[in-house]
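Colleague: I would like a close look at one part of this model, the sheet in chain A. Please take it strand by strand and say what lies against it.

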Amino acid sequence: MNILSVEGLGISFGGIHANRDISFNIDQGEILGIIGPNGAGKSTLFDLITGYTRADTGKVIFDGNNITRLRPDKISNLGIGRTFQKLKPFADLTLLENVMIGAFARENDIKTARDKALEIIDFVDLIEKRHHFARELSTGQRKRLELARAMATEPKLLLMDEVTGGVDQKTIPGLVELIQKMKASGVTIATIEHNINIIMEISDNILALDQGQKIAYGKPKDIQLNEQVIDAYLGRVDVA
Amino acid sequence: MESLLNHARQEPLWNTNKRVIAVLAAASLALIVFPLFGPSPFYLHLMIMIFMYAVMSQSWNVIAGLSGQISLGHGAFFGIGAYSSSVLYVHYGITPWLGILVGIVLAAMIAISIGIPMLRLSGHYFAIATLLIGISFQVVFQRWEMVGAASGLWIPLTEESSWLALQFHDSKTPYYYLFLGFFIVTYLLVWRLSNSKIGFRLRAVRDDYQAASSLGIDISKYKIIAYAISAIIMAPMGSLFAQYILIVDPDRMFSLEISIMVLLMTVLGGIGNIWGPLIGVAILIPVSEYTRIYFGGTGGAVDLIFYGLILMLICIFRPAGLISLLPKHLLEREKQR
């Protein structure tokens, strides 16, 4: 069953097609991996789905609702959570306060929100850091903070933008494990990844973009062998 | 891990540092008994000005410190409060108590109707817009005959001091308690606000509006809420000040200086912290009152020179305000393990 379906989505900035006629579905409960070289339009795609950028063409259907022209906060309330490629923690607030703000999306009472936030902080293994300011946390910890904060809004679909990007090698296995734990808890996930090994390992399906367009969609083992994907990553060699 | 989670659930929801609570309780008690020691009218006046500006600066702190929107025309809400209660009393004989309520409602309504179009403007443009609104209120009231135009309104004296008419002729002590009451109630309410869902969400809007909206926060709505709350806090101070000096006129009540003073005091003490405005006020008001004494009518300029100097020093050495000089463990909640 589809939880999200994207139909012919497109936007251009000053004549450049950042996204062009992109269509795909996300199945309930799966992990969809999104790959593509730099500038392929992956983050733009997330911005279009979550309402941060208005699409020129196409539409986005989430859980039966047309969300194409909605504001980001409305889309969040309907059940799409997201993290940002360039991290956006509330730097001068503590980890606990950050996650509580997420929890307030569904709760009104401060004690209920606090207890729910603590549970999620425990889930992402940062409970001992709960009173640290976000600015005091390492990059890997801040990625967990963003995941926890988004999880606290009880999303049905979570969009993750490069969760393993910019962290040191030792931190990666823990983050991958966390993503799988989140999937097991019932959240549908779409994740942008640069690390091909990780994306092949965790994804149920993969969407490949290049120059704003969809170039392939399918199971990881098929994507690996797709010529267009290989070309996009290795660069096409023109024969003189 | 499990036990740490359970332990975390038992932690108190806010700062329960016993020394901080004891100091606050002792300070409140001292303020309550202060008039019993028979201070001179000058000291009562000084304290009244401190309470009044502490509330006004807190009002500015809610919009600027909590939600991150710089308002340069906050004096408008002071004037609205002053004129609401005064016009109702002078023209219709309605008790200022009711006038205070009317002022609060009017200020909130005006804040909301200004806020809906203006708070869509980003940062600097909102600040400039509020500056112009502050000035335009003064211009309108200078020309509005019903409210006395440029010369304003005199509040007719009652024969005897009266709590109903909020006029006290023999002593400043009742005014002292009136302002003290509003001061304590305001600070308790703002403390409560900042520890509520609204307070958390306002800080989120201030720190990163994009992240905030990804968490389901309607940014415009929360900015308008903050602006309205801020106006609600400011308006009663205008009403009370009008009762204190028994005259309202546009130059005084819609003075640009009010808007600037609340900003200066909050920034000096520490913006975004509930105690910041109080610290700034407790330093700048005595400076202002003493220079007025020593330099007479022309002293106004001297205290402004002093403010400018302090502000420069703060910007260079302590951008987080004087409150950042206090030991950290008093400000942050206890880190229990």
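How many bridges join E9(A) to E10(A), and do these strands run parallel or antiparallel?

Modeller: This is a predicted model, in which local features need pLDDT of at least 70 and side-chain atom pairs count only at pLDDT 80 or more, while totals for chains, interfaces and linings use all residues. Residues are numbered from 1 along each chain as its sequence is written, and chains are lettered from A and ligands numbered from 1 in the order in which they are written.

E9(A) and E10(A) run antiparallel and are joined by five bridges. Two strands count as paired if DSSP finds at least two bridges between them. Strands (E, at least two residues) and helices (H or I, at least four) are DSSP runs, numbered from the N terminus. Across this pair, A:Leu207 stands opposite A:Tyr217 in E10(A). The hairpin that the two strands form has two residues between them, and in it A:Gln211 takes a positive phi near 45 degrees.

The hairpin belongs to an open sheet of six strands with mixed pairing, in the order E6-E7-E8-E3-E9-E10 of chain A. Strand E6 (80-82) and strand E10 (213-218) of chain A are the edge strands, each pairing on one side only. From one strand to the next the twist averages 20 degrees.

From the E6(A) edge, the pairing goes as follows. E6(A) pairs with E7(A) in the parallel sense over three bridges, and A:Arg82 has A:Leu159 in E7(A) as its bridge partner. E7(A) and E8(A) are also parallel, over five bridges; here A:Asp161 has A:Ile192 in E8(A) as its bridge partner. Strand E8 (residues 188-192) and strand E3 (residues 31-35) of chain A then pair in the parallel sense over four bridges. In that pairing A:Ile34 stands opposite A:Ile192 in E8(A).

Helix H1 (residues 42-49) of chain A packs on the sheet, touching E3, E6, strand E7 (157-161), E8 and strand E9 (205-210) of chain A. Contact means that the C-beta atoms of two residues, placed from the backbone, lie within 7 Å. The direction of H1(A) makes about 150 degrees with that of E7(A). Such angles run from 0 to 180 degrees between N-to-C directions, with axes fitted as lines to C-alpha atoms, for helices over the stretch in contact.

E7(A) is mostly covered, with five of its five residues buried. A residue is buried if 20 or more other C-beta atoms lie within 10 Å of its own, exposed if 12 or fewer, and partly exposed in between, with C-beta atoms placed from the backbone. Both faces of E7(A) are covered: A:Leu157, A:Leu159 and A:Asp161 are buried on one side, and A:Leu158 and A:Met160 on the other.

As for confidence, pLDDT is the predictor's score for each residue, from 0 to 100. Chain A averages a pLDDT of 92, and 97% of the residues score at least 70. Within chain A, confidence is lowest in helix H9 (residues 227-234), at a mean of 83, and highest in helix H3 (residues 95-103), at 97.
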